[in-house]
Amino acid sequence: MLVAWQGRQIGYLQAYDAAAAAPGGDAEPGSFGIDLFIGEPSYVGKGLGTAFLGAYTDRLLKGGRASRILARPARTNHRAVRCLEGAGFHPLDDDGGPLLAMAKDR
């Protein structure tokens, strides 16, 4: 999906059935994966990604389509980690690898 703000396309959001995308993985049925990218530099760092991600994931969870939403930003991408935390995600126990497993639960 395209992310728009005040009539201007500023980014992209992808949401998918995480259990179907990786059969046999760690995602339980009802889990969605999500990726967000704000591509317009002048809109980065203004809280728009956090606001959009929070509203969209709240709708998925409250509407019953998802019981958990997963994200795996690069551990060193501090801006993405803060965005996810601001949208209600929390870190999961992980192996300390390059990606940080995060979730937002119903």
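## The chain as a whole

About 6400 Å² of this chain is exposed, and carbon and sulfur atoms supply 53% of that area. Keep in mind that what you're looking at is a predicted model. Of the chain's 106 residues, 35% count as buried. The C-alpha trace spans about 40 × 30 × 20 Å along its principal axes. A compact globule with 106 residues would have a radius of gyration near 13 Å, and the chain's 14 Å agrees with that.

As for secondary structure, there are three helices and six strands. Walk along the sequence and you get the pattern β-β-α-β-α-β-α-β-β. Contacts across long stretches of sequence matter to the count too: take the contacts with a separation of 6 or more, and 51% of them come from residues 24 or more positions apart.

## Helix H2 and what it packs on

Helix H2 runs over residues 48-62. With its 15 residues, H2 reaches 21 Å from the first C-alpha to the last, close to the 21 Å expected at 1.5 Å a residue. The buried residues of H2 are Leu-48, Gly-49, Leu-53, Gly-54, Tyr-56, Thr-57, Leu-60 and Leu-61.

What do the buried residues of H2 pack against? The list takes in strands S1 (2-5), S2 (8-17), S3, S4 (68-71) and S6 (102-105), along with helix H3 (78-86). Just after H2 comes Gly-64, which takes a positive phi of about 85 degrees.

## One aromatic pair, inside H2

The count of aromatic pairs comes to one. The partners are Phe-52 and Tyr-56, with ring centres 6.4 Å apart and planes at 10 degrees; planes under 30 degrees apart count as stacked, so this pair is stacked. Both residues lie in helix H2, four residues apart, or about one turn of the helix. As a general point, an α-helix has 3.6 residues a turn, so residues three or four places apart point the same way.

The two partners don't fall in the same burial class, though: Phe-52 is partly exposed at a relative accessible area of 29%, while Tyr-56 is buried at 16%. The cut-off for buried is under 20%, so Tyr-56 makes it and Phe-52 doesn't.

## Around Tyr-43 and Leu-48

Just ahead of H2, Tyr-43 sits in the loop between strand S3 (31-38) and helix H2 (48-62). Is Tyr-43 buried or exposed? Its relative accessible area is 18%, and since buried means under 20%, Tyr-43 counts as buried. Setting aside neighbours within four places in sequence, Tyr-43 is in contact with Trp-5, Arg-8, Ile-10, Ile-38 and Leu-48. Trp-5 is 38 residues away from Tyr-43 along the chain, yet their C-alpha atoms are separated by 9.2 Å.

Leu-48 gives you a view of this spot from the helix side, as it is found in H2. Leu-48 is buried, with a relative accessible area of 16%. Not counting residues up to four places away in sequence, Leu-48 touches Trp-5, Ile-10 and Tyr-43. Leu-48 and Ile-10 are also 38 residues apart along the chain, and 9.7 Å separates their C-alpha atoms. So far as contacts go, Trp-5 and Ile-10 turn up in the list for Tyr-43 and again in the list for Leu-48.

## Helix H3 and its two sides

Now for H3. Its buried residues include Val-81, Cys-83 and Leu-84. These three cover an arc of only 160 degrees around the axis, which puts them on the same side of H3. The other side of H3 has His-78, Arg-82 and Gly-86, which are exposed.

The buried residues of H3 pack against H2, S4 and S6. After H3 comes Gly-88, with a positive phi near 100 degrees.

## A positive phi at Gln-6

Which residue has a positive phi although it is not a glycine? That's Gln-6, with a phi of about 50 degrees. Gln-6 lies in the loop between S1 and S2. Gln-6 has a relative accessibility of 70%, and because exposed means over 50%, Gln-6 counts as exposed.

Key. Residues are numbered from 1 along each chain as its sequence is written. This is a predicted model: local features need pLDDT of at least 70, side-chain atom pairs count only at pLDDT 80 or more; totals for chains, interfaces and linings use all residues. Side-chain values use heavy atoms; hydrogens and water are left out. Buried means under 20% relative accessible area, exposed over 50%, partly exposed in between (1.4 Å probe, protein chains only). Contact means heavy atoms within 4.5 Å. The expected span of a helix is 1.5 Å times one less than its number of residues. Rings of Phe, Tyr and Trp (its six-membered ring) pair if their centres lie within 6.5 Å; planes under 30 degrees apart count as stacked, over 60 as edge-to-face and the rest as tilted. The arc is that of the directions from the helix axis to the C-beta atoms. The radius of gyration is taken over C-alpha atoms; the globule rule is 2.2 Å times the number of residues to the power 0.38. Accessible areas come from the Shrake-Rupley method with a 1.4 Å probe; for residues, only the protein chains shown count as cover.
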